[in-house]
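Please open the model in a viewer and keep the sequence panel visible. The tour proceeds by selections, each followed by a description of what is found there.

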Amino acid sequence: MAMNRPGRWKGLPWSLLTLYIFLDLLATALGMGVPFLNILLGFPVGWVLARQAPAGEPPLRFIWRGAWLTVGVTFLMMAAIWLPQARNLFNPAFDFSQSGVPHWLYDPKLSYIGWLALMVLVSPFLQLLTTLAAAFIVLLRKEQRDNPRKGDACVAPPSSRQLDSPRQLDSSRSPVLKETSTDSMQRGESLGQPNLYGLDNGAPVCSLSPFADPLAELRFAFAQRERPFLRFTSFPDEAVGAGFKPARTRTWTRGQFWDLACLAAARLNDLGLGKGERVLHCFSANSPYDLAFRLGESLIGAVPVTVNWQADNDERVLHKAEITSARILLSDFAFR
């Protein structure tokens, strides 16, 4: 877990914790014990917490824990400054009207009690609110950026540094995936078939997507390379009777799986597979490499043909290969 990583406490780097304690002390000193600057400090703290949330942990849990941690520092600081002043409440000779506290409750003693409560309890709570508000705004903007609404403008693809595959695809043999609406309409009309590529209002069906083409949408989906994507656990046959002990568990991030799919697409591209051509998937069990090849085929416009390794016999496999005119057959060593 993130909180057990070296150099961190409760998932937060020690360097950031040290910096926050220094800034909190500085804000207290500049405010001469009145924590109005500490409250404003909650805004950058919330921004940092939202940006520092680890990929393997829900961000709200991390932010909530970090917010209480930072607010706890302010609470201890205010308690150390103002709680000793509570002794004046039990001093009959103390003149509350000369304490320097604003008489907002009209009664000097009640105003003094309210001031102590404001400093020690209310101010840290206000800092908690500013921290959570800033973090929520950052998460909201991030969610809007990662999941654009249908009516928004087309989202620019991420940088080439993030999306370039380890091996560049041959663009001459991998045409752009998007098929123009004009060509699609002409083809449908020439065949005497209803237009399957347009909407009732005459707009092309691709206008429903905020992306310029399907390839841009796939790139956007895998742009956050460090986020977890797939966790695959394999069970050998002999483990079934031994309590389902997993033989191997492996996790891919979005970036790792994207690179794997790009390698698969490059290999298929080298074999001469083009847009619209079929690939027969014959795997003996569920496999993450089956998924990687499917994504790779989407990148070059090819079409995967599924073989059910539990239900399809040899006759059905042959039938699928013939009826789809599959050019390539993918299989593992255990497929029979």
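Which residues in H1 meet which residues in H2? This is a predicted model, and the tour begins with that pair of helices.

**First selection: H1 and H2**

Select residues 14-30 for helix H1 and residues 36-52 for helix H2. On the H1 side, the residues that meet H2 are Leu16, Tyr20, Leu23, Asp24, Ala27, Thr28 and Leu30. Their counterparts in H2 are Leu37, Asn38, Leu41, Val45, Val48 and Gln52. By class, the residues of this contact comprise 9 nonpolar, 3 polar and 1 charged.

Now view the two helix axes. They come within 9 Å and cross at roughly 165°. An angle over 145 degrees counts as roughly antiparallel, and H1 and H2 are therefore roughly antiparallel to each other. The crossing of H1 past H2 is right-handed.

**Next: the loop between H1 and H2**

Select Met32, which is found in the loop between H1 and H2. The phi angle of Met32 is near 55°, a positive value in a residue other than glycine. Is Met32 buried or exposed? With a relative accessibility of 73%, Met32 counts as exposed.

**Next: H1 and H3**

Keep H1 selected and add helix H3, residues 59-82. The axes of H1 and H3 come within 11 Å and cross at roughly 35°, and this crossing is right-handed. From H1, the residues in contact are Leu17, Tyr20, Ile21, Asp24, Leu25 and Thr28. From H3, they are Leu69, Thr70, Val71, Val73, Thr74, Met77, Met78 and Ile81. The contact of H1 with H3 has 10 nonpolar, 3 polar and 1 charged residues.

Within H1, Tyr20, Asp24 and Thr28 deserve highlighting: they are among the residues that meet H2, and they are also among those that meet H3.

**Next: Ser111 in H4**

Move to helix H4, residues 108-146, and select Ser111 within this helix. Ser111 has a relative accessible area of 0% and is buried. What is Ser111 in contact with, leaving aside its neighbours within four places in sequence? The residues to display are Val101, Pro102, His103, Trp104, Leu105 and Tyr106.

**Next: Leu230 in E3**

Select strand E3, residues 228-234, and centre the view on Leu230. Leu230 is buried, its relative accessible area being 18%; the cut-off for buried is under 20%. Not counting residues up to four places away in sequence, Leu230 touches Arg250, Thr251, Trp252, Phe257, Pro288 and Leu291. Add Arg254 to the display: the C-alpha atoms of Leu230 and Arg254 are separated by 7.9 Å, with their positions 24 residues apart along the chain.

**Next: the loop between H10 and E7**

Select Ser325, placed in the loop between helix H10 (314-324) and strand E7 (328-331). Its phi is near 55°, again a positive value in a residue other than glycine. Ser325 is exposed, with a relative accessible area of 54%.

**Last view: the whole chain**

Finally, clear the selections and display the entire chain, in which there are 10 helices and 7 strands. Of its 336 residues, 33% count as buried. Among contacts with a separation of 6 or more, residues 24 or more positions apart account for 71%. With the surface switched on, the accessible area of the chain comes to about 20,800 Å², and 61% of this belongs to carbon and sulfur atoms.

Notes:
Residues numbered from 1 in each chain as written. Predicted model: local features only at pLDDT ≥ 70, side-chain atom pairs only at ≥ 80, totals over all residues. Heavy atoms only, no water. Axes fitted to C-alpha atoms, helices over the stretch in contact; angles between N-to-C directions. Helix = DSSP H or I, 4+ residues; strand = E, 2+ residues; numbered from the N terminus. Parallel < 35°, antiparallel > 145°, perpendicular 65-115°, else oblique. Left-handed = near helix turned anticlockwise from the far one by under 90°. Contact = heavy atoms within 4.5 Å. Nonpolar A, V, L, I, M, F, W, Y, C, P; charged D, E, K, R; others polar. Buried < 20%, exposed > 50% of the residue type's maximum accessible area, 1.4 Å probe, protein only. Areas by Shrake-Rupley, 256 points an atom, 1.4 Å probe, with all protein chains shown as cover.
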